Amino acid sequence: TAMSLLGSWPTTVNDVVLAVCAGAVRSFLQGRGEEPPAPVLRTMVPVSVRADDEQLALGNRVSMLGAELPVGEPDPGKRLRAVHGNLSHLKESGQAVGAEAIMGLAGFAPPTIVGLVGRLAVKARAVNLVVTNIPGPQFPLYCMGARMLEEYPYVSMLDGLALVIALISYDGQLLFGLSGDHNALHDLEDLARAIEAEAGVLDGAVTGPVSRP
């Protein structure tokens, strides 16, 4: 859906996720009667650094980017453009930092990746928050015949940070897990609602009004 907004640029799920998070953080702060402390918030984002000719190879190459979350931009479409441009520039300029992890696709285990994010985050540059999108199985999982409907990630808090936003994709869904410092974010449920609302705002900005059943 973001293709029409960005022309021929191939928008990724990470682009959309970060644009949603940027708008949600902005509206969350405004709901508190605050303005974003800066036009952008420095955000640690684990990303794939796999080349195009490696897409079918086993394992996953993950590194850390110090991306900029455009919380000062009021327009949702422009936020998506800004996120896409920033991530593209970081990948192309070789500014990925952190470490590379190899994980077999056949033995995919989301908890392993969540733990990896926590360990690599310690080595990251100074950031305001962490946003990580963890790919999960796009088919239903079962335990003793019972279908797993949802799964939610948890990434432990890091020294000097008040907020970690983690996502896991599962069976066609994106499921958010928010971790926050209670002293700074006692109203974390308001941010959860802001994320849900911002997803609809961005969808409307990109696709325009549509009739839904």
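1. Let's start close to the N terminus: Thr12 sits in the loop that joins helix H1 (3–6) to H2. Keep in mind throughout that this is a predicted model. With a relative accessible area of 32%, Thr12 counts as partly exposed. Its C-alpha lies 9.9 Å from that of Leu87, although Thr12 and Leu87 are 75 residues apart in sequence.

2. Now the overall layout. The protein has five helices and seven strands, and along the sequence they run α-α-β-β-α-α-β-β-β-β-β-α. Of the 213 residues, 42% are buried. Looking at contacts with a separation of 6 or more, 67% are between residues 24 or more positions apart. The exposed surface comes to about 11,500 Å², with carbon and sulfur atoms supplying 57% of it.

3. Strand S3 deserves a good look. All six of its residues, 129–134, are buried, so the strand is largely enclosed by the rest of the structure. In a regular strand, side chains alternate between the two faces of the sheet. Here both faces are covered: Leu129, Val131 and Asn133 are buried on one side, and Val130, Thr132 and Ile134 are buried on the other.

4. What does S3 pair with? Its partner is strand S6 (residues 163–170), in the parallel sense and over five bridges. If you want a spot to find this pairing on screen, try Val130, whose bridge partner in S6 is Val164.

5. Next, the largest nonpolar core, which has 32 residues. The members that touch the most others are Leu18, Leu69, Leu129, Val131, Leu163, Ile165 and Leu191. Two or more residues each come from helix H2 (13–31), strand S1 (41–48), strand S2 (62–69), helix H3 (76–93), S3, S6 and H5. H2 gives the most, with 10 residues. A separate core of eight residues lies apart from this one, and among its members are Val127, Val130, Val155 and Leu161.

6. Val131 is a handy residue for exploring the surroundings of S3. Beyond its neighbours within four places in sequence, Val131 is in contact with Val17, Leu18 and Cys21. Its other contacts are Thr43, Met44, Val45 and Pro46, together with Ile165 and Leu167.

7. Helix H5 (residues 188–207) passes a simple length check. At 1.5 Å a residue, its 20 residues should span 28 Å, and the end C-alpha atoms are 29 Å apart, which agrees. Which residues of H5 are buried? They are Leu188, Leu191, Ala194, Ile195, Glu198, Leu202 and Val206. Seen down the helix axis, these buried residues fall within an arc of 110°, so they line one face of H5. The general rule is that an α-helix has 3.6 residues a turn, so residues three or four places apart point the same way.

8. One last stop: where is Ala162? It lies in the loop between strand S5 (146–147) and S6. Is Ala162 buried or partly exposed? Its relative accessible area is 26%, and buried means under 20%, so Ala162 is partly exposed. Leaving out residues up to four places away in sequence, Ala162 touches Met157, Ser179, Gly180, Asp181, Ala184 and Leu185. Ala162 and Asn183 are 21 residues apart in sequence, with their C-alpha atoms 8.7 Å apart in space.

Terms used
Residues are numbered from 1 along each chain as its sequence is written. This is a predicted model: local features need pLDDT of at least 70, side-chain atom pairs count only at pLDDT 80 or more; totals for chains, interfaces and linings use all residues. Side-chain values use heavy atoms; hydrogens and water are left out. Buried means under 20% relative accessible area, exposed over 50%, partly exposed in between (1.4 Å probe, protein chains only). Helices (H or I, at least four residues) and strands (E, at least two) are DSSP runs, numbered from the N terminus. Two strands pair if DSSP finds at least two bridges between them. Contact means heavy atoms within 4.5 Å. Accessible areas come from the Shrake-Rupley method with a 1.4 Å probe; for residues, only the protein chains shown count as cover. The expected span of a helix is 1.5 Å times one less than its number of residues. The arc is that of the directions from the helix axis to the C-beta atoms. A nonpolar core is a set of buried Ala, Val, Leu, Ile, Met, Phe, Trp, Tyr and Cys residues joined through side-chain atoms within 4.5 Å.
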